[in-house]
Amino acid sequence: MRVDRSLHIIAPPYRSATPSARSWCRCGHERTARGRSGVLALIAAHHAHPVSCPLLSRERSKSA
Ligand SMILES: [Zn+2]
């Protein structure tokens, strides 16, 4: 299976711990976030990324 994108979230089960996340895409897009609000924003950006991704949009138009 080819991996185009990945989203890795680290959310320790301790109340005092800070969650962090890393979003990566084959086009070179990579972002990391720390803190609950930052992680939530990163997840939203990760799901919205294909719209603005040059690599994924090119493959989509090719296969259409
Ligand atoms: Zn991309």
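Mentor: Let's start with a word we'll lean on: a residue is buried if 20 or more other C-beta atoms lie within 10 Å of its own, exposed if 12 or fewer, and partly exposed in between. Keep in mind too that this is a predicted model.

Trainee: Okay, let me try that on a strand. How many of the 6 residues of E1 are buried?

Mentor: The number is 0, so E1 lies largely in the open. Across the protein chain, 11% of the 64 residues count as buried.

Trainee: Let me step back, then. Which elements does the chain have, and in what order do they run from the N terminus on?

Mentor: There are 3 strands and 2 helices. Starting at the N terminus, you read β-β-β-α-α.

Trainee: And the strands: what order do they take in the sheet?

Mentor: It's an open sheet, ordered E1-E2-E3, and the pairing is antiparallel. Strand E1 (5-10) and strand E3 (30-34) sit at the edges, each pairing on one side only. From one strand to the next, the twist averages 5 degrees.

Trainee: How do I read the pairing in detail? For instance, how many bridges do E1 and E2 pair over?

Mentor: Look for bridges, and then for which residues face each other. E1 and E2 are antiparallel, with 6 bridges; Leu7, for one, has Ser23 in E2 as its bridge partner. Strand E2 (residues 20-25) is also joined to E3, again antiparallel, by 5 bridges. There, Ser20 stands opposite Arg34, and Arg22 is opposite Thr32.

Trainee: What about the turn linking E2 and E3: which residue takes a positive phi?

Mentor: That's Gly28, with a phi near 110 degrees, in a hairpin that has 4 residues between the strands.

Trainee: Thr32 came up just now. Why is Thr32 called partly exposed?

Mentor: Because it has 13 other C-beta atoms within 10 Å, and exposed would take 12 or fewer. Thr32 sits in strand E3. Leaving out residues up to four places away in sequence, Thr32 touches Ser20, Ala21 and Arg22. Its C-alpha is also 7.4 Å from that of Leu42, 10 residues apart along the chain.

Trainee: Leu42 takes us to the first helix. Where does helix H1 lie?

Mentor: H1 (residues 36-52) lies across E1, E2 and E3, and runs at about 15 degrees to E2.

Trainee: Which residues of H1 are buried?

Mentor: General idea first: an α-helix has 3.6 residues a turn, so residues three or four places apart point the same way. In this helix, the buried ones are Val39, Leu42 and His46. What covers them includes E1, E2 and E3.

Trainee: How do I judge whether the helix is stretched or bent? What length does H1 reach?

Mentor: Check the end-to-end span, then the axis. With 17 residues, H1 reaches 24 Å from first C-alpha to last, close to the 24 Å expected at 1.5 Å a residue. The axis still has a kink of about 35 degrees at His46, shortly before the proline Pro50.

Trainee: One last thing, on contacts along the sequence. What share of those with a separation of 6 or more comes from residues 24 or more positions apart?

Mentor: In the protein chain, that share is 20%.

How values were computed:
Residues are numbered from 1 along each chain as its sequence is written. This is a predicted model: local features need pLDDT of at least 70, side-chain atom pairs count only at pLDDT 80 or more; totals for chains, interfaces and linings use all residues. Two strands pair if DSSP finds at least two bridges between them. Axes are lines fitted to C-alpha atoms, for helices over the stretch in contact, and angles run from 0 to 180 degrees between N-to-C directions. Two residues are in contact if their C-beta atoms, placed from the backbone, lie within 7 Å. The expected span of a helix is 1.5 Å times one less than its number of residues. The bend at a residue is the angle between axes fitted to the seven residues ending there and the seven starting there.
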